[in-house]
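Please work through the following exercises with the sequence and the model at hand. Each task is followed by a solution in steps.

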Protein chains: 2
Amino acid sequence: MNTVIPKISDFPTGEENTAYAQYFTGKSWLAPLTSDKTLNVPLANVTFEPGCRNNWHSHTGGQLLIVVGGEGLYQERDKPARHLKAGDVVEIAPNVEHWHGATAHSWFSHLATNGSPESNENKWLEPVTDEVYQAANQQISK
Amino acid sequence: MNTVIPKISDFPTGEENTAYAQYFTGKSWLAPLTSDKTLNVPLANVTFEPGCRNNWHSHTGGQLLIVVGGEGLYQERDKPARHLKAGDVVEIAPNVEHWHGATAHSWFSHLATNGSPESNENKWLEPVTDEVYQAANQQISK
């Protein structure tokens, strides 16, 4: 069954994100937006279905998220979740463990790029449990 | 007289861009969106009033533009102008001379970041003449 993806931003949605599916709970879509190796500022749009989030992870170069549509969540270890809406920017320092994704009831799209893209590596960890995810959703609804 | 700036994106408009005004024809506004030096992916929203464009210039690290609102123009030396709308991305390779700005009749906002931000330098050149600017506007209206 094909999912009907609502238009929540002006950026392309791309294809179902099968390459990273093993690190996500739920379905996501990936649209690479850059290709110039001499510039080397990789940018992609990531779209999450409601309830979808990625595993806990970190980046050796850090990551910048630019929210372009819907509503989402961002959380670092031992910190409260942050409620994300279009126009928000998240600066994730190198090696900080975190996760991001849609809220339970909204689609969500963010652009993403990395610091030090020539050497950045991603470190993928365990899935975000339903308990942690539900707690984050409850926290932002208060 | 204060200019009334229409809301054309979800990102903040910031303050009038006086620091770079000497390199612009017309008024622009600048909103820095990042501050984390350990991540070091500088991102800002630049908003141009109708008719506003920056001088011909280049970046030693190159530049990435992410269009978030309105309609604009991008042109490299000896190339046709590109018509920009929300959802477009422009990859500008290092040292390529170019200019960008609003169309004659539309406000315009893009996010901007640079390649190799730790060493990037901007090289500012001559203003875009009215003739070149009008030709670019006419070209995209065809």
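**Exercise 1: Strand pairing in chain B**

Strand 7 (residues 63-76) of chain B pairs with strand 11 of chain B in the antiparallel sense, over seven bridges. This is a predicted model, in which local features need pLDDT of at least 70, side-chain atom pairs count only at pLDDT 80 or more, and totals for chains, interfaces and linings use all residues. Residues are numbered from 1 along each chain as its sequence is written, and chains are lettered from A and ligands numbered from 1 in the order in which they are written.

Task: Determine which residue B:I66 stands opposite in strand 11 of chain B, and how many bridges join strand 4 of chain B to strand 11 of chain B.

Solution.
Step 1. Fix the terms: helices (H or I, at least four residues) and strands (E, at least two) are DSSP runs numbered from the N terminus. Two strands pair if DSSP finds at least two bridges between them.
Step 2. In strand 11 of chain B, the residue opposite B:I66 is B:L111.
Step 3. Strand 4 (residues 44-48) of chain B also pairs with strand 11 of chain B, in the antiparallel sense and over five bridges. Here B:T47 has B:S109 as its bridge partner.
Step 4. Strand 11 (residues 108-114) of chain B is mostly covered, with six of its seven residues buried. A residue is buried if 20 or more other C-beta atoms lie within 10 Å of its own, exposed if 12 or fewer, and partly exposed in between, with C-beta atoms placed from the backbone.

**Exercise 2: The nonpolar core**

Task: State which residues have the most contacts inside the largest nonpolar core, and which residues B:I66 touches.

Solution.
Step 1. A nonpolar core is a set of buried Ala, Val, Leu, Ile, Met, Phe, Trp, Tyr and Cys residues joined through C-beta atoms within 7 Å.
Step 2. The largest such core has 45 residues, and A:I66 and B:I66 have the most contacts inside it. At least two residues of this core come from each of strand 7 and helix 1 (130-140) of chain A, and strand 7, strand 9 (89-92) and helix 1 (130-140) of chain B.
Step 3. Two residues are in contact if their C-beta atoms, placed from the backbone, lie within 7 Å. Leaving aside residues up to four places away in sequence, B:I66 touches A:L111, B:V89, B:H110 and B:L111.

**Exercise 3: The interface and its symmetry**

Task: Describe the side of chain A that touches chain B, and explain how the two copies are related.

Solution.
Step 1. The contacts involve 23 residues of chain A and 23 residues of chain B.
Step 2. Strand 7 (63-76), strand 9 (89-92) and strand 11 (108-114) of chain A are the elements that give two or more residues to this side. Strand 9 of chain A provides the largest share, three residues.
Step 3. By class, this side of chain A has 13 nonpolar, seven polar and three charged residues. Ala, Val, Leu, Ile, Met, Phe, Trp, Tyr, Cys and Pro count as nonpolar, Asp, Glu, Lys and Arg as charged, and the others, Gly among them, as polar.
Step 4. A turn of 180° and a shift of 0.0 Å along the axis lay chain A on chain B with an RMSD of 0.0 Å. The two copies are therefore related as by a two-fold rotation axis. Superposition is by least squares on the C-alpha atoms of residues with pLDDT of at least 70 in both copies.
Step 5. The copies meet through the same surface, because 100% of the interface residues of chain A are also interface residues in chain B.

**Exercise 4: Two loop residues of chain A**

Task: Locate A:N40 and A:D78, and state whether A:D78 counts as buried or exposed.

Solution.
Step 1. Most residues other than glycine have a negative phi.
Step 2. A:N40, found in the loop between strand 3 (28-32) and strand 4 (44-48) of chain A, has a positive phi near 60°. A:N40 counts as partly exposed because it has 17 C-beta neighbours inside 10 Å.
Step 3. A:D78 lies in the loop between strand 7 and strand 8 (82-85) of chain A, and its phi is also positive, about 65°. With 6 C-beta neighbours inside 10 Å, A:D78 counts as exposed.
Step 4. A:D78 and A:H98 are 20 residues apart along the chain, and their C-alpha atoms are separated by 9.7 Å.
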